[in-house]
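Q: Hey, can you walk me through this one? I'm new to reading structures.
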Amino acid sequence: MKIRKIALKNWKNFTDVPVDICDRMFVVGPNASGKSNLLDVFRFFRDIVSTGGGFQEAVLRRGGVSAIRCLAARRDSAVELAVTMESAETDGRTTNWEYKLSFNQDNQRRPRVCTETVRINNETLLNRPNDQDRKDPEQMTQTYLEQVNVNKEFRKISEFFASIRYLHLVPQLVREPDRSVGRANDPFGGDFLEQIAKITEKTQKARLRRIQQALRVAVPQLEEIELWRDARGVPHLRGKYQH
């Protein structure tokens, strides 16, 4: 499955923006322009379906609805997220999926789902609120996406969101080098250098060369990089520069 489009409304610094997604993308912009906020959408969906997570935790982890909602939001204050995906089937066909979620907060500032829809090849599988929600409004404190007893028809979306890896290496390796200590298969890249340190020397050198080539795009004077561990055993990248 691949994400082909996302649409954001009132999400952080985005009032209303659609983004087409291709197989390989570069997000470029000055500081505080919203690059991290854009990428956090993918992490948000992963948080909803992850073990120990869920919709409530995903929102509260970001400071609540008020912290997520765009400051420019006025009359229509709900946060709305839409994701369009496609998956290649074994018979060669392509299946198109669409997931939409809008949410706000109640008088006690608790996150609440406003609407939740799932469509497959233009056929609606889920449209909330439904009759059960109207009978029991407390059900709108959770998404169907995170509930295994009701998401059977579109569980493929939940499994896909759960598989998302968010390798944001700069803050997690430069600002938080201790992140790698004791971690394994960190979905956000904390143990990235630890994984490289454990592979064979030949493969390790090949991967370091690829990293070096990528870094030279931003730092042309970079001459060489090497992997080394500090006194605590934490792996780091160390570079040599041309003067």
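A: Sure, one definition before we start: buried means under 20% relative accessible area, exposed means over 50%, and partly exposed is in between, with a 1.4 Å probe and protein chains only. This is a predicted model, where local features need pLDDT of at least 70, side-chain atom pairs count only at pLDDT 80 or more, and totals for chains, interfaces and linings use all residues. Residues are numbered from 1 along each chain as its sequence is written, and side-chain values use heavy atoms, with hydrogens and water left out.

Q: Okay, so is Trp228 buried, exposed or partly exposed?
A: Trp228 counts as partly exposed because its relative accessibility is 30%.

Q: Where does Trp228 lie?
A: Trp228 lies in strand β7, residues 222-229. Strands (E, at least two residues) and helices (H or I, at least four) are DSSP runs, numbered from the N terminus.

Q: And what is Trp228 in contact with?
A: If you skip neighbours within four places in sequence, Trp228 is in contact with Val234, Pro235, His236, Leu237 and Arg238. Contact means heavy atoms within 4.5 Å.

Q: New topic! What's the order of strands in the open sheet?
A: The order is β2-β1-β3-β4-β5-β6, with antiparallel pairing. Two strands pair if DSSP finds at least two bridges between them.

Q: Which ones are the edge strands?
A: Those are β2 (14-20) and β6 (123-128), and each pairs on one side only.

Q: How many bridges join β1 to β3?
A: There are 7 between β1 (residues 2-11) and β3 (residues 79-88), and these two strands run antiparallel. Lys9, for instance, stands opposite Glu80 in β3.

Q: What lies across those strands?
A: Helix α1 (residues 35-49) lies across β1, β2, β3 and β4 (94-105), at about 105 degrees to β1. Helix α5 (residues 155-162) lies across β1, β3, β4 and β5 (111-120), at about 100 degrees to β3. For those angles, axes are lines fitted to C-alpha atoms, for helices over the stretch in contact, and angles run from 0 to 180 degrees between N-to-C directions.

Q: How many disulfides are there?
A: A search of the whole structure finds 0. A disulfide here is a pair of cysteine sulfur atoms within 2.5 Å.

Q: Why is Cys114 too far for a bond?
A: The closest cysteine sulfur, in Cys70, is 16 Å from the sulfur of Cys114, so a bond is out of reach.

Q: Are those two buried or exposed?
A: Cys70 counts as buried, at 8% relative accessibility, whereas Cys114 counts as partly exposed, at 31%.
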